[in-house]
Amino acid sequence: MREVAFIKQNKEKWLSFETAILNNNLNDPDELASNYIKLVNDLAYAQTYYPKSKVITYLNQLATKAFQKIYKTKRQDTNRIISFWKTEIPLICYQYRKFIYVAFIVFFTFTAIGVVSAANNAEFLRSVVGNSYVDQTLENIEAGDPVAIYKSGSNWGSFIGITVNNLRVGIIAFVLGVFLGIGTLYIMFKNCIMLGSFQYFFYEKEVFWESVRGIWIHGAMEIFAIVIECAAGLILGASILFPATHSRYTSFKLGAKTGIKLLISTFPFTFSAGFLEGFITRYSNSMPNWLSVGIILITLSIISYYYLIYPYKIQKQITQTSAPIIA
């Protein structure tokens, strides 16, 4: 069968199924499962006979959405919270992985701009973080504790204040995605410029390693979470710019729903980063290198695995267990 004929023959069925999923009109688990099997059959057929066709991408995305719906409606699955973290978020990360990759590319690019700007302008950091912050850090460096600024305030006070601020930044980064993603990029630019210029400042003062040991104990999860939150904002912006087969309003609702889920998924990591900054970072200057480096590597590994590796494992598992074989 020619590809055009294949699409024409099944297009109405696919669109009807997609609309039903988006509007939650498929309440019968058996009907949902039956339509899902037909959809996966069509996907397998397309992969076999039209390997370079864009219809494969469309069907794969629709199959992912259908699986999420099936997973939610399984009668034996009573723990919604577990399914959210174990399956739903990883599938979203896989489906929208390109947005996460773009967010990281933008992050490294903007951070590099901050480094270059600070390297070529001695006053650049002051224009970014203010004179008092720089002067206080200089005093801390002279006193032999470059990251002493993280020791100010009580443990609980720092933890609560820092966590609330980081949550606020993440939520703003997502919400500003409604401005076609430009607002999200602005938030990322602002924070990355600060990060890059501040890290270069420590390098210039020859205390770079001391700053890494301190800042990245909490920064590994904190910064990574902000990148994911920005990816959520970009998803929101893209849903307005590129509605695909949906109306712009329907696409926006879908993008907002997906972005909010991705945003919420970062909250535990943001809380963890706040806890580390409030209770652990303040002791970085006195703890052995192996301990500080170990904390950094462990926290970075956990969040990297969850957002970058685990989604592929879940998607592969679904493909192996769900896709029927066509004779």
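**Close-up 1. Asn-24, just after helix H1, takes a positive phi.** In this predicted model, the phi of Asn-24 comes out at about 55 degrees. The helix just before Asn-24 is H1, which covers residues 3–22.

**Close-up 2. Helix H1 has a bend at Asn-10.** The bend amounts to about 50 degrees. Is Asn-10 buried or exposed? Asn-10 is buried. Other buried residues in H1 include the aromatics Phe-6, Trp-14 and Phe-17, and Glu-18, Ala-20 and Ile-21 are buried too.

**Close-up 3. Leu-180 sits in a loop with a positive phi.** Most residues other than glycine have a negative phi. Leu-180 isn't a glycine, yet its phi is positive, at about 60 degrees. Where is Leu-180? Look in the loop that links helix H8 (155–175) to helix H9 (182–204). Its relative accessibility is 41%, so Leu-180 counts as partly exposed.

**Close-up 4. Glu-206 is another non-glycine residue with a positive phi.** Here phi is near 65 degrees. Glu-206 belongs to the loop between H9 and helix H10, the latter running over residues 208–241. How does Glu-206 count, buried or exposed? With 71% relative accessibility, Glu-206 counts as exposed, because the cut-off for that label is over 50%.

**Close-up 5. Helices H5 and H10 pack against each other.** Two packed helices are described by the angle between their axes and the distance between the axes. For H5 and H10 the angle is about 120 degrees and the axes lie 8 Å apart. Angles of 65 to 115 degrees would count as roughly perpendicular and those over 145 as roughly antiparallel, so this pair is oblique. The crossing of H5 past H10 is right-handed. On the H5 side, the residues that meet H10 are Phe-99, Ile-100, Val-102, Ala-103, Phe-104 and Phe-107. Their counterparts in H10 are Ile-223, Phe-224, Val-227, Ile-228, Ala-231, Leu-234, Ile-235 and Ala-238.

**Close-up 6. Confidence varies along the protein chain.** Across the protein chain, the mean pLDDT is 87, with 91% of residues at 70 or more. Which helix has the lowest confidence? That's helix H2 (residues 29–49), with a mean of 76. Helix H5 (residues 97–120) has the highest, at 96. One stretch to treat separately is residues 322–327, where the pLDDT is below 50. Even so, in the model this stretch has eleven contacts beyond near neighbours in sequence.

Technical notes. Residues numbered from 1 in each chain as written. Predicted model: local features only at pLDDT ≥ 70, side-chain atom pairs only at ≥ 80, totals over all residues. Heavy atoms only, no water. Helix = DSSP H or I, 4+ residues; strand = E, 2+ residues; numbered from the N terminus. Buried < 20%, exposed > 50% of the residue type's maximum accessible area, 1.4 Å probe, protein only. Bend = angle between axes of the 7 residues up to and from the residue. pLDDT = per-residue confidence, 0-100. Contact = heavy atoms within 4.5 Å. Axes fitted to C-alpha atoms, helices over the stretch in contact; angles between N-to-C directions. Parallel < 35°, antiparallel > 145°, perpendicular 65-115°, else oblique. Left-handed = near helix turned anticlockwise from the far one by under 90°.
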